[in-house]
Amino acid sequence: SRTVALVGRPNVGKSRLFNRLCGKRMSIVHDMPGVTRDLISTEVRDDYVLLDTGGIGMEIEMTSKKISVAAEEQVEFAIQAASVILFVVDVREGITTLDEIVAQKLRRYGKHVLLVTNKVDLEENEEAADEFISLGLGEPLRVSAEHGRGIAELETAIDEKLGPKPEGSEADQSQRIRISLLGRPNVGKSSIGNRLLNSTRLIVSDVPGTTRDSVELDLDYKHKDGELLKFRLADTAGLRMKRKVDSPVEYFSSVRTQAAMERSDVVFLVIDAVDGVTKQDQALAGEILDAGRALIIVVNKWDLIIDRWTHDPIEGFKNLKHFLKSYEESLRKEMFFLPNPPVLFVSARTGFEIESMLNVAAAMQATLDMKLPTGKLNNVIQNLFEARAPKIIGTKRFKVFYAVQTGSRPLRIRFFCNRIERLDPGYRRYLEKAIIHEFRLNGCPVRFDLVGKE
Ligand code: GDP
């Protein structure tokens with residue numbers, strides 16, 4: 001991730017510099033009280049996240065000895081969280097012992113470090129900055145955060161260290177959405193597949209280079225509003241030459257299921273409406289989740305439920321819609337461990353809602369490529385901690401200083417926290433569910449990657 005962190009002992013002018021770089025006044029800078037009172041972050045020029053680590057470790061008593069402890073914590077945090085570190089020193093004070101300690105730590109990790117001598121307000125300070133070369137972190141950049149001197153040069157230096165910004169997700173949008181149908185034998189996967197392939201809205205073509213055993217098909221689906229939705233359906237071998245699989249156990253462990261899963265962006269987990277959720281369905285759902293794939297639950301053979309209802313309405317329900325609602329509720333309960341996926345009721349026999357599957361999968365693609373804005377993510381997390389505090393484990397509570405998205409498909413969020421072991425499974429689930437809810441990531445798994453700094 002593109003993160004730049006400011007480190008340095010107190011009063012060297014870190015927050016002034018922070019304001020200069022983000023071109024904002026302190027009041028609108030994103031501050032994170034409670035969760036991360038000790039860290040301030042903001043996004044600069046839509047390009048990188050700037051962190052002021054100045055508050056880390058400062059809740060402790062301020063004797064000069066403790067200041068050095070805090071400074072070390074800040075540096076350790078910055079080394080883990082940032083790709084570029086701005087080490088700020090005060091030209092008027094000269095090199096202090098604490099500067100030397102920090103410099104030594106920074107040199108050891110070989111990170112991109114820019115040595116920034118601040119408070120070069122006067123011509124005569126220019127030369128005084130030379131002294132800092134002895135810190136072994138290169139030529140000092142002479143700036144005055146107060147007067148804005150040398151800020152442009154500093155910005156250029158930061159840009160150079162960060163390198164060019166990687167291409168955004170725009171290119172990904174034209175990518176085909178890779179889908180597959182998974183489920184127990186006889187739930188109707190092949191029937192659904194064949195229904196889909198027979199849709200008049202669909203242009204189907206073979207994917208060149210795929211072998212007979214791992215057939216993939218490209219599907220171009222003409223959406224009602226004229227948009228062309230592009231899919232690649234994995235593992236369609238079963239559609240064309242129906243294979244007999246004797247044991248369900250064999251099916252689950254089969255390499256083919258695994259391979260189809262690996263090749264998918266979105267998996268349709270097909271279950272049988274009459275059987276409801278079985279242990280095997282749950283096991284397969286768990287595997288899809290472990291593989292980090294987005295999923296949609298497809299309840300097939302809904303025609304049978306409608307038939308049954310017409311002949312013999314199920315007692316205790318006002319109407320079919322009422323029944324459907326309660327069916328979905330209990331299904332969600334049995335699949336509670338999933339990231340609140342979309343649930344579709346379909347019938348391969350009648351074609352009911354079969355094409356909705358493609359529309360829902362297409363809508364999911366935007367979610368898959370979502371970039372969670374760092375400021376908003378940290379806000380959301382702060383609110384979650386305020387709404388429900390984590391349990392005290394040992395002597396302290398789990399605490400997150402800073403969170404940033406580090407990857408997609410599956411979505412990964414890195415937490416810079418106090419201690420990894422303090423996150424209990426219940427609280428982890430709470431955070432997962434709430435983040436999925438907050439950013440509408442339904443069906444898309446979220447992975448936490450914890451980095452402890454204590
Ligand atoms: P697969 O093993 O998951 O590929 O399942 P198949 O597509 O072979 O279907 C298994 C059985 O269920 C077949 O006898 C199908 O005719 C039947 N079936 C599939 N979909 C439906 C449906 O929507 N409604 C009904 N009533 N039967 C279905």
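## A buried lysine

At 17% relative accessibility, K119 counts as buried, because the cut-off for that label is under 20%. This lysine sits in the loop that joins β5 (112–118) to α4 (125–128). A polar atom of the K119 side chain lies 2.8 Å from the backbone oxygen of N11. Keep in mind as you read that this is a predicted model.

## A buried asparagine with two partners

Now turn to N418, in the loop between β17 and α16 (425–438). Is N418 buried or exposed? Its relative accessibility is 3%, so N418 counts as buried.

What does the side chain of N418 reach? One partner is the backbone oxygen of R397, at 2.8 Å. Another is the backbone nitrogen of K399, at 2.9 Å.

## Around the ligand

Let us move to the ligand. There are 16 residues around it, and those that come nearest are N186, K189, S190, S191 and D303. Sorted by class, this shell holds four nonpolar, six polar and six charged residues.

Some contacts come from the protein backbone. For N186, a backbone N or O atom lies 2.7 Å from an oxygen atom of the ligand. A polar backbone atom of G188 is 3.0 Å from a ligand oxygen, and for V187 the corresponding distance is 3.3 Å. How much of the ligand does the protein bury? Taken alone, the ligand exposes 580 Å², and the protein buries 78% of that area.

Which elements give two or more residues to the shell? They are α7 (189–197) and α12 (302–311). The largest share, three residues, comes from α7.

## Helix α13 and its two faces

Helix α13 runs over residues 320–334, which makes 15 residues. You can check its length yourself: at 1.5 Å a residue it should span 21 Å, and its end C-alpha atoms are indeed 21 Å apart, so the two values agree.

Which residues of α13 are buried? They are F323, Y327 and L331. Looking down the axis of α13, you would find the buried residues within an arc of 70°, so they line one face of the helix. Turned away from that buried side is a face carrying the exposed residues K321, K325 and K333.

## Helix α3 for comparison

Helix α3 covers residues 97–109, 13 residues in total. From its first C-alpha to its last it reaches 19 Å, close to the 18 Å expected at 1.5 Å a residue.

The buried residues in α3 are L98, D99, V102, A103, K105 and L106. They cover an arc of only 160° around the axis, which puts them on the same side of α3. On the face turned away from the buried side you can find the exposed residues T97 and R108. After α3 comes G110, a residue with a positive phi, near 60°.

## Backbone angles to look for

G110 is a glycine, but a positive phi also turns up in this model at residues of another kind. K301 is not a glycine, yet its phi is positive, at about 70°. You can find K301 in the loop between β12 (294–300) and α12. Its relative accessible area is 22%, so K301 is partly exposed.

N340 is another such case: although not a glycine, N340 has a positive phi of about 45°. Its place is the loop between α13 and β13 (343–345). With a relative accessibility of 34%, N340 counts as partly exposed.

The last backbone feature involves a proline. Is the peptide bond from R409 to P410 cis or trans? That bond is cis, with omega near -5°. P410 belongs to the loop between β16 (400–407) and β17 (411–417).

## Looking back

Here is a short tour to repeat in the 3D view. Start at K119, which counts as buried, and go on to N418, which is buried as well. Then visit the ligand, where α7 gives the largest share of the surrounding shell. Next, look along α13 to see F323, Y327 and L331 on its buried side, with K321, K325 and K333 on the face turned away. Finish at the cis peptide bond from R409 to P410.

Notes. Residues numbered from 1 in each chain as written. Predicted model: local features only at pLDDT ≥ 70, side-chain atom pairs only at ≥ 80, totals over all residues. Heavy atoms only, no water. Near = heavy atom within 4 Å. Polar contact = N/O pair within 3.5 Å; in protein donor to acceptor, adjacent residues only side chain to side chain. Areas by Shrake-Rupley, 256 points an atom, 1.4 Å probe, with all protein chains shown as cover. Helix = DSSP H or I, 4+ residues; strand = E, 2+ residues; numbered from the N terminus. Nonpolar A, V, L, I, M, F, W, Y, C, P; charged D, E, K, R; others polar. Expected span 1.5 Å × (residues − 1). Buried < 20%, exposed > 50% of the residue type's maximum accessible area, 1.4 Å probe, protein only. Arc of directions from axis to C-beta.
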